[in-house]
Amino acid sequence: MSVRPRAILEKLPPYKAARSVPSLKREYGLEKITKLAANENTLGFSPKVLEAIKKVSSQYPDGTAYDLRKRLSEKLGVEIGQIVLGNGSFELIYLAAIAYLEKGDETIGAVPSFGWYKSVTQILGGTYIGVPVKDFHVDLEKIAADVTEKTKIIWLCNPNNPTGTIFTERELEDFLSKIRDDILVILDEAYVDFVAEDGFPDSISLLKKHDNIAIFRTFSKLEGLASFRVGYAISTTDFVDTLNKIRIPSNVNAPAQLAALVSIDDEEFKNRTLTNAREQKKFLYGEFKRLGLSYVPSNTNFIFFDIGVPSTPIVEKILKKGFLIRGGAEYGFDTMIRLTIGTPEENAEFISILEGVLGGKDE
């Protein structure tokens, strides 16, 4: 094309998402692939969702998503004006970058962490400062030390993806006391519902003390609505008003709004998801120990574990047997694998395949 894009985009690589199942089926000639690579809810979503979306009309959705935001405000104990919805957390992260970053600004986050933070920073002409994790934990002390006059946003994924670790409320409070008020601190809590450790921050209460934080959450994990794309941010009304100026009108469609609305109150389904994650985590921990493999204790619906040898060829061999998982090389951990916690049947089959591949029985 003769029309040139912005110069920064010519050097920007596309965001690397998990490989799609249909394309892999074609490539490998497989009839079935069990996907445990993208941290989706392997139990699906609430059966009430299908009933709810039957009521969708052909009209445009409520661009303010009033009913969904009202229910969220009641559940979270915040004002409705403190909530803004996004087409998943991806869009909210993008909107925050568009709203607050100027060319030449810096953002800071952990490495490894959610890769979209770096992508949106670079799209806006900024520089992403990656701070290596310390013992698989986000190194808040080092992040605070790396703040400069150019720092505009700090991205904190808690629990962190792909390590599954958390930082505590005490650690966060200490961190925030060191950060200038003109720096936006984004707490990405996509996996908040799966946290098992004590001391996790009550981030919403922190909004009363710090007006420079925003909390991002999603319906993709616990509620299983990844295909519907519904995320939300909780912050000050100033932050919400700013994002509303630039978000696409009706960015969350009507079926998605209804799906999220009924999912909020389906405690039975959410408890099933949490029980499966808790019980299957114990099963997988036990199997990893049996196989002599180390792992990072997880506060999420996935586990980051170490197979002791380069994982890229192992991931490929396992894929040929019908299981899609995510290798750690892209995160800087060549011998590790990130595995979504599946159903009992999926996990048992995966362990059998993994044991065979690691034992050389992959042919």
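Select Ile 186 and show what surrounds it: leaving aside neighbours within four places in sequence, Ile 186 is in contact with Ala 96, Ile 153, Ile 154, Trp 155, Leu 156, Ala 214 and Phe 216. The structure on the screen is a predicted model. Ile 186 belongs to strand β6. Because its relative accessible area is 1%, under the 20% limit, Ile 186 counts as buried. For a sense of distance, add Gly 308, which is 122 residues away along the chain; its C-alpha atom and that of Ile 186 are separated by 34 Å.

**The seven-stranded sheet**

Next, display the strands as a cartoon. An open sheet of 7 strands runs in the order β2-β8-β7-β6-β5-β3-β4, and its pairing is mixed. Its edge strands, β2 and β4, each pair on one side only. On average, neighbouring strands of this sheet are turned by 25° against each other, direction ignored. In a regular strand, side chains alternate between the two faces of the sheet.

Two pairs of strands merit a separate selection. Take residues 213–218 (β7) and 231–234 (β8) to begin with: these strands pair in the antiparallel sense over 4 bridges. Phe 216, already met as a contact of Ile 186, has Ala 233 in β8 as its bridge partner. Then move to β3 and β4, which run parallel and are joined by 6 bridges. Here Thr 107 has its bridge partner in β4, namely Tyr 128. Of the 6 residues of β3, 5 are buried, so this strand is largely enclosed by the rest of the structure.

**Gln 82, in a loop**

Select Gln 82, in the loop between α4 (66–76) and β2 (83–86). Is Gln 82 buried or exposed? Its relative accessibility is 17%, so Gln 82 counts as buried. Beyond four places in sequence, Gln 82 is in contact with Leu 207, Ala 233, Ile 234, Ser 235, Thr 237 and Val 240. Among these contacts is Ala 233, the residue in β8 that is the bridge partner of Phe 216.

**Helix α6 and the loop before it**

Now select α6, residues 116–123. This helix is mostly covered, with 6 of its 8 residues buried. Which residues of α6 are buried? They are Trp 116, Tyr 117, Ser 119, Val 120, Thr 121 and Ile 123. To see what covers them, show the elements that include α1 (7–10), α5, β3, β4 (127–132), β5 (151–157) and β6 (184–188). Just after α6, Gly 125 takes a positive phi of about 80°.

At the other end of the helix, select Gly 115, which is found in the loop between β3 and α6. Gly 115 is partly exposed, because its relative accessible area is 32%. Its C-alpha atom is separated by 11 Å from that of Asn 160, 45 residues apart along the chain.

**The largest pocket**

Gly 115 also leads to the largest pocket, whose volume is about 1100 Å³. Of the 38 residues that line this pocket, the closest to its centre are Tyr 15, Lys 16, Phe 114, Gly 115 and Arg 326. The elements that give two or more residues to the lining are α5 (88–100), β3 (106–111) and α6 (116–123). Colour the lining by class: 17 residues are nonpolar, 11 are polar and 10 are charged.

**The four-stranded sheet**

From the pocket, follow Arg 326 into a second selection: Arg 326 stands opposite Arg 338 in β13. Strand β12 is joined to β13 (residues 336–340) by 2 bridges, and the two run antiparallel. They belong to an open sheet of 4 strands in the order β9-β10-β13-β12, with antiparallel pairing. At its edges stand β9 (294–296) and β12 (326–327); each has a single partner strand, so one side of each is left without a neighbour in the sheet.

**The enclosed cavity**

For the last stop, turn on the display of internal voids. How many cavities of 30 Å³ or more does a search of the whole structure find? The search finds 1. The largest cavity holds about 70 Å³ of space. To outline this cavity, select Glu 40, Asn 41, Thr 42, Phe 194, Lys 221, Thr 273, Asn 276, Ala 277, Asn 301 and Ile 341, which line it. By class, its lining divides into 3 nonpolar, 5 polar and 2 charged residues.

Definitions and conventions: Residues numbered from 1 in each chain as written. Heavy atoms only, no water. 1 Å grid on protein atoms, 1.4 Å probe; cavity = no way out; pocket = protein on both sides within 12 Å on 5 of 7 lines; lining within 4 Å. Points joined across faces, edges and corners; volume = space filled by probe spheres on them. Nonpolar A, V, L, I, M, F, W, Y, C, P; charged D, E, K, R; others polar. Buried < 20%, exposed > 50% of the residue type's maximum accessible area, 1.4 Å probe, protein only. Contact = heavy atoms within 4.5 Å. Pairing = 2+ DSSP bridges. Axes fitted to C-alpha atoms, helices over the stretch in contact; angles between N-to-C directions.
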